[in-house]
Amino acid sequence: MIIKAAAGNSLPGDPDWWKKAVFYQIYPRSFMDSNGDGFGDLQGIIDRLDYLNDGTPASLGIDAIWFSPFFPSPDRDFGYDVADYCAIDPRYGTMADFDRLVEEAHRRKIRILLDLVMNHTSSEHPWFQESRSSRNNPKRDWYIWRDGRGPGKRPPNNWRNNFFGPAWTWDEKTGQYYLHSFLKEQPDLNWYNQEVREAVFAVVRFWLDRGVDGFRLDVAHLYCKDPELRNNPPYWRRRKPAESLPAGDRTLIMNLFYYLGAPEFQVKIYNEHHPETHRVLKELRRVLDEYPAKTSVGEILGEDAGVLASYYGTGSDELHMNFYFDLMHCRWSAGAFRRCIERWERLLPPEAWPAYALSNHDVVRAISRYDQGGEGERRARLLALMLLTLRGSPFIYYGEEIGMKEARLPKRLLKDPVGRKWYPLHRGRDGARTPMQWSDSPAAGFSSGTPWLPVGPEIGKRNVAAQDSDPASLLNFYRRLIWLCKDLPVLQQGAYRSLVAGVPADCYCYLRELAGSKAAVALNFSRAPRTVDLSPEGRSWRLALSTDYRRTGESGISTLKLGPGEGCLLLEVGG
Ligand code: TEU
């Protein structure tokens, strides 16, 4: 295979950079608005790159950014309905701004991942416009069109879309239904059509040639469906998945989701995880491998962890990384988190590299999810320590580093179609998408105008300016932690092993080990002090970092005392 030389704008170097990188997800319309229209933009992001990494420990120190989509979109699903894959939505800026963003990021050694939303397009995408124009249009087969069933012209099968409701919409003009796994304005592409694959790979090459370093793949488990479009069985016929997080370890909301059979009482065996999807992802991997040092991370959703793990292929021929969402759905319990990580570690093929996130643009922010008894802030710190020290690449969601909380918005302010449809049962995802809080000014320093969504709660203390020079702040904890990890190969590459002996049941402890060097992480999930015996693993340990910033300089530790909710990172002294 011919590997292309690095394009002009590319960052050369280590092909395994993504295994050592700390990733940061930016939801572009909420990060920084440079022109006062209330809407984040690329120039705003460029202006804040130094905050993310200026090469010194005064900055956050992240290594890569995943951008949620900033392509032209009618915004029915806020960018996840793309109308042109090879352009920048003018509200965010121009292609010249994008090129500058890549250049400025790369100058700071920050890599860039774009969001590839290829299960579906916007209904306003020219491909769909052509496809729906007539039954014999050359692009008709680029989407999934079928006749209605029976004299009543019922939908072709019983599939439901993921935002609730039927997965088929009748198109009057040509008298057929088309398939959509999300909104009716998000028609699904037909991945069995070779031209579609080529068109998508052309998009991938377009951005790689402009210097991007990889992609996050939106709902990649949905690409290919059963070609016969068979009916899904009802939910009560569901077989227990071979490998799923035990109900007792899941949050109540996740259990409701599973028990109630969302979406809508069927087992999605014919429209998810089709074997052909793996072939597509392998083809995509070969395209990425034409270029040096590119990466991918899949959004693969499902209940069976064994199925999720299969998306790594052999470990090096399919996805580079695959988010493990069970981690987001653990209830607050040391054992639940430990079992969750152990399961994933056990299931992954040897070469596979995990990717972990605790928050993203689709879920309630972790700090608010775990805020029972007002413990959110302390727990956020503990989780940050865990996220950054597990074996795998951590993904931080913008604002997580300053403890931004979920906003509870009234219906009239909601934008997300999920919340607008299901309020108050489901408030949608806007609460996790509010403007980045740079300062305590009315628009949080995000914009000189009126932000597209209101600013989140507790702006007074949850903003960058307030936390910047406070040594006790969450922001400065993240900074210390990230910069510390950079200097510790054992944390970047070391093997993972849970510690159970000598560890109280409400603490989660693990070791990272690499060629004679050892790091230990001890996390106290309880509200009381706890003691962890590290002596079986090493006689003498040095405290590298505690979630309690006042605690420094301790060494000669063999039995570690942890305060309520405290977490510590320790390094073995002298092996
Ligand atoms: O999300 C996939 C998805 O099905 C869920 O995360 C969904 O957003 C949630 O269940 C709704 O309550 C991806 C994107 O991350 C999401 O933002 C998009 O809306 C969706 O795909 C469609 O592209």
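## Close-up views of a predicted model

**View 1. Strands β7 and β8 run side by side.** β7 (residues 214-217) and β8 (residues 295-298) pair in the parallel sense, with 4 bridges between them. Strands here are DSSP runs of E at least two residues long, helices are runs of H or I of at least four, and both are numbered from the N terminus. Two strands count as paired if DSSP finds at least two bridges between them. Look for Leu 217, whose bridge partner in β8 is Gly 298. A word on the model: it is predicted, so local features need pLDDT of at least 70 and side-chain atom pairs count only at pLDDT 80 or more, while totals for chains, interfaces and linings use all residues. Residues are numbered from 1 along each chain as its sequence is written, and side-chain values use heavy atoms, with hydrogens and water left out.

**View 2. Zooming out from that pair gives an open sheet of 8 strands.** The order is β9-β8-β7-β3-β2-β1-β11-β10, and the pairing is parallel. At the edges sit β9 (321-322) and β10 (355-357); each has a single partner strand, so one side of each has no neighbour in the sheet.

**View 3. The other sheet here is open too, with 3 strands in antiparallel pairing.** Its order is β4-β6-β5. The edge places go to β4 (145-146) and β5, each with a single partner strand, so each has one side without a neighbour in the sheet. β5 (residues 168-171) and β6 (residues 176-179) pair over 4 bridges. Along this pair, Trp 170 stands opposite Tyr 177 of β6, and Asp 171 has Gln 176 as its bridge partner. The hairpin has 4 residues between the strands, and Gly 175 takes a positive phi near 60° there.

**View 4. Here domain 1 meets domain 3.** The chain is divided into domain 1 (21-119 + 194-228 + 272-483), domain 2 (126-179) and domain 3 (494-572), with bounds from an automatic or database domain assignment. The centres of domains 1 and 3, taken over C-alpha atoms, are 29 Å apart. Contact (heavy atoms within 4.5 Å) links 26 residues of domain 1 with 26 residues of domain 3. Together the two bury about 2100 Å², 70% of it on carbon and sulfur atoms; that is the accessible area (1.4 Å probe) lost when the two parts are put together, summed over both.

**View 5. What does the side of domain 1 that touches domain 3 offer?** Helices α11 (334-347), α13 (376-389) and α16 (474-486) each supply at least two of its residues. By class, that side has 12 nonpolar, 5 polar and 9 charged residues. Nonpolar covers Ala, Val, Leu, Ile, Met, Phe, Trp, Tyr, Cys and Pro; charged covers Asp, Glu, Lys and Arg; the others, Gly among them, are polar. The rule finds 0 salt bridges across this interface, a salt bridge being a side-chain nitrogen of Lys or Arg within 4 Å of a carboxyl oxygen of Asp or Glu.

**View 6. Glu 345 sits in helix α11.** Setting aside neighbours within four places in sequence, Glu 345 is in contact with Pro 354, Arg 391 and Tyr 496. Val 212 is another matter: Glu 345 and Val 212 are 133 residues apart in sequence and 29 Å apart in space, C-alpha to C-alpha.

**View 7. Two backbone details share a loop.** Pro 424 lies in the loop between α14 (417-422) and α15 (464-468), and a cis peptide bond with omega about 0° joins Tyr 423 to Pro 424. Ala 444 also lies in the loop between α14 and α15. Its phi is near 60°, a positive value in a residue other than glycine.
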